[in-house]
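User: I am new to this structure and would appreciate a close look at one part of it. Please begin with the question below and then place the answer in its wider setting.

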Amino acid sequence: MIKGLFLSFIIKWESVWEGALTLEQTELAMKHTLFRVSVWDGEKIVAMARMNGDLGA
């Protein structure tokens, strides 16, 4: 399930930005995400957003 979400994030990223993220880069980005949300249409993710930060450190 988690790997599928990461792959969906990569696909959404590529639809907006040039250059592909690797699975490892995506995993690292998600580890540093304070909040994330996905919008689903049945079994397909149609939108994703994430908030990153340093928690005040």
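Which residue in β2 is the bridge partner of Trp 40?

Analyst: The bridge partner of Trp 40 is Ile 45, which belongs to β2. What follows concerns a predicted model, and the pairing of its strands is best approached through the two elements involved.

Strand β1 covers residues 33-41, and strand β2 covers residues 44-52. The two pair in the antiparallel sense, and eight bridges join them. Together they make a hairpin in which two residues lie between the strands. Within that turn, Gly 42 has a positive phi of about 70°. Another position in the pairing is that of Phe 35, which stands opposite Met 51 in β2. A further pair of positions can be described by distance: Val 37 and Ala 47 are ten residues apart in sequence, while their C-alpha atoms are 8.4 Å apart in space.

The hairpin also contributes to the surface. Phe 35 and Met 51, together with Leu 34 and Val 37, form a nonpolar patch there. The accessible area of these four residues together is about 370 Å². Strand β1 supplies the largest share of the patch, namely three residues. One of the patch residues, Leu 34, is found in β1; Leu 34 counts as partly exposed because its relative accessibility is 38%, between the limits of 20% and 50%. Val 37 likewise has its place in β1, and with a relative accessibility of 40% Val 37 also counts as partly exposed.

The hairpin may now be set within the whole chain. The secondary structure consists of two helices and two strands, arranged along the sequence in the pattern α-α-β-β. Helix α2, residues 23-31, has buried residues at Thr 26, Ala 29 and Met 30. These three lie on the same side of α2, because the arc they cover around the axis is only 95°. In an α-helix there are 3.6 residues a turn, so residues three or four places apart point the same way. The other side of α2 carries Glu 24 and Lys 31, both of which are exposed. Over the protein as a whole, buried residues account for 14% of the 57 residues. Taken along the principal axes, the C-alpha atoms fill a box of roughly 40 × 25 × 20 Å.

Finally, the confidence of the prediction should be kept in view. The average pLDDT of the protein is 79, and 91% of the residues score at least 70. Confidence is highest in β1, with a mean of 86, and lowest in helix α1 (residues 2-16), with a mean of 75. The strand that holds Leu 34 and Val 37 is therefore the element with the highest confidence, since pLDDT expresses the predictor's confidence in each residue.

Definitions and conventions. Residues numbered from 1 in each chain as written. Predicted model: local features only at pLDDT ≥ 70, side-chain atom pairs only at ≥ 80, totals over all residues. Heavy atoms only, no water. pLDDT = per-residue confidence, 0-100. Helix = DSSP H or I, 4+ residues; strand = E, 2+ residues; numbered from the N terminus. Patch = residues over 30% accessible without salt bridge, like charges linked within 9 Å, V, L, I, M, F, W, Y side chains within 5 Å. Areas by Shrake-Rupley, 256 points an atom, 1.4 Å probe, with all protein chains shown as cover. Salt bridge = Lys/Arg side-chain N within 4 Å of Asp/Glu carboxyl O. Buried < 20%, exposed > 50% of the residue type's maximum accessible area, 1.4 Å probe, protein only. Arc of directions from axis to C-beta. Pairing = 2+ DSSP bridges.
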